[in-house]
Amino acid sequence: MTPAAILPVDDDALLFGRIWSPAAEGPVLVRVDGARLTDVSRTFPTARDLCEASDPTAALKAAEGEDAGTLADVLANTDAETRDPTRPWLLSPIDLQAVKAAGVTFVTSMLERVIEERARGDLSAAAGIRDHIRDLVGDDLRRLKPGSPEAAALKQTLIAAGAWSQYLEVGIGPDAEIFTKGQPLSSVGAGADIGVHPASTWNNPEPEVVLVVSSRGSIIGATLGNDVNLRDVEGRSALLLGKAKDNNAAAAVGPFVRLFDGMFDLEAVRRLEIALTVTGRDGFVMNGRSAMSEISRDPADLAAQAINDHHRYPDGLVLFLGTLFAPVEDRYEKGKGFTHASGDVVRIACDRLGALVNRVRPTDQCEPWTFGAADLMRNLARRGLI
């Protein structure tokens with residue numbers, strides 16, 4: 001993995017991230033300055049501190065720091081299987097922010113959630129149910145505004161037909177699904193392994209745009225994310241969402257956060273297109289795409305539903321915006337659809353945000369998460385940063 005393979009195409013992107021520094025015995029906030037990384041942790045000990053600045057963009061541009069080496073060297077040392085622990089490696093760019101996610105924000109994924117629910121997690125039953133659901137509701141609901149009178153009328157029609165679903169409720173109803181994807185400090189970055197529970201037989205990547213939101217509710221930047229999902233677990237019961245979503249290394253974020261400035265803003269986010277490639281050790285290749293223009297709820301609305309007077313996050317939050325991509329391509333047997341295999345390489349890419357690349361491993365074989373909030377506070381205190 002090279003810098004050119006993961007950086008945005010525009011050279012003037014204002015990016016920050018985090019690396020593990022053996023010298024500091026902990027994480028260090030860095031600014032991407034061309035081919036090199038600048039340690040700005042003396043000014044901003046955490047990503048949270050930078051994001052809580054009154055003007056994060058101006059603050060990051062003005063921050064003085066020390067050279068932290070080349071991005072190429074850090075990337076080359078990130079793979080846990082070949083890492084030299086005496087040299088720095090790349091981390092997720094976020095730390096103390098809450099990790100939240102919005103579900104069923106695209107029509108295709110909404111219908112797939114309905115199918116999961118009806119199939120009760122049985123992959124073999126999904127194909128027939130998919131045809132039946134599409135006969136009932138169609139597959140072009142993109143013009144239907146959630147919470148509108150037209151959506152309410154469709155709801156009544158589906159209830160009368162016995163086809164209403166909790167997923168349709170959050171897909172076209174007034175209230176978005178917002179859930180906790182993972183705990184602060186639990187996300188993994190580019191080059192890390194992502195975790196799939198070995199008991200799952202139906203699972204997939206979810207390539208998404210991730211908003212970075214301050215405690216004031218201001219959307220200050222964006223990055224990429226993989227909201228790894230166990231479809232069979234969620235399909236058995238929506239009450240198992242935590243087990244389907246919040247697992248070891250199941251939230252990938254990165255490679256860097258791009259702050260909003262005159263060249264990149266929320267309007268640019270609304271126009272983003274994301275490409276997905278899954279490459280297996282068995283030679284299997286799957287490609288997909290997700291266009292933000294097809295989202296059924298505006299990103300600003302989703303952020304406002306996530307953080308407001310009723311839901312406060314003093315350290316800010318990141319918000320996965322959902323995905324258009326719901327793979328149905330058969331991998332092993334006809335009618336069985338797609339599921340991950342250990343060793344799959346998942347690449348989620350976008351011209352304006354770069355590329356997030358991860359390798360799939362069973363959750364109990366991924367690099368253990370052992371560095372929590374208490375460890376971070378003690379580390380910063382030892383370094384004289386708090």
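**Architecture and local packing of the predicted model**

The protein comprises 13 helices and 18 strands. The structure described here is a predicted model. Of its 386 residues, 59% count as buried. Among contacts in the protein with a separation of 6 or more, 73% are accounted for by residues 24 or more positions apart. The protein exposes about 15,700 Å², and carbon and sulfur atoms supply 51% of this area.

One open sheet is built from five strands, arranged in the order β8-β18-β17-β14-β15 with mixed pairing. Strands β8 (193–196) and β15 (285–291) occupy the edges of the sheet, where each has a single partner strand, so one side of each lacks a neighbour in the sheet. On average, and with direction ignored, neighbouring strands of this sheet are turned by 25 degrees against each other. Within the sheet, β14 (residues 273–279) pairs with β17 (residues 345–350) in the antiparallel sense, over five bridges. In this pairing, T277 is placed opposite R347 of β17.

Antiparallel pairing also links strands β2, β3 and β4. Strand β2 (residues 26–33) is joined to β3 (residues 36–39) in the antiparallel sense by four bridges, and V30 has D39 of β3 as its bridge partner. The two strands form a hairpin with two residues between them. In the turn of this hairpin, G34 adopts a positive phi of about 70 degrees. Strand β3 pairs in addition with β4 (residues 66–70), again in the antiparallel sense and over three bridges; here the bridge partner of R36 is T70 in β4.

Helix α12 (residues 299–306) has P299, L302, A303 and A306 as its buried residues. Viewed down the axis of α12, these buried residues fall within an arc of 100 degrees and therefore line one face of the helix. In general, an α-helix has 3.6 residues a turn, so residues three or four places apart point the same way. The buried residues of α12 pack against several strands, namely β6 (98–103), β7 (177–182), β10 (207–213), β11 (219–227) and β16 (317–320), and against helix α11 (266–270). The N-terminal end of α12 is capped by D298, a side-chain oxygen of which lies 3.0 Å from the backbone nitrogen of A300.

Strand β11, one of the elements against which the buried residues of α12 pack, contains I220 and D227. With a relative accessible area of 8%, I220 is buried, because the value lies under the 20% cut-off. The C-alpha atoms of I220 and T57 are separated by 8.1 Å, although these residues are 163 residues apart along the chain. When residues up to four places away in sequence are not counted, I220 touches C51, P56, V212, R258, L259 and F260.

D227 is likewise buried, with a relative accessible area of 1%. Its side chain makes a polar contact of 2.7 Å with the side chain of K181. Leaving aside neighbours within four places in sequence, the contacts of D227 comprise A101, F179, K181, E206, E208, K245, A250 and F320. K181 thus appears both as the polar partner of the D227 side chain and among the residues in contact with D227.

Notes. Residues are numbered from 1 along each chain as its sequence is written. This is a predicted model: local features need pLDDT of at least 70, side-chain atom pairs count only at pLDDT 80 or more; totals for chains, interfaces and linings use all residues. Side-chain values use heavy atoms; hydrogens and water are left out. Two strands pair if DSSP finds at least two bridges between them. Axes are lines fitted to C-alpha atoms, for helices over the stretch in contact, and angles run from 0 to 180 degrees between N-to-C directions. Buried means under 20% relative accessible area, exposed over 50%, partly exposed in between (1.4 Å probe, protein chains only). The arc is that of the directions from the helix axis to the C-beta atoms. Contact means heavy atoms within 4.5 Å. A polar contact is a pair of N or O atoms within 3.5 Å; within protein, one must be able to donate a hydrogen and the other to accept it, and residues adjacent in sequence count only if both atoms are side-chain atoms. Accessible areas come from the Shrake-Rupley method with a 1.4 Å probe; for residues, only the protein chains shown count as cover.
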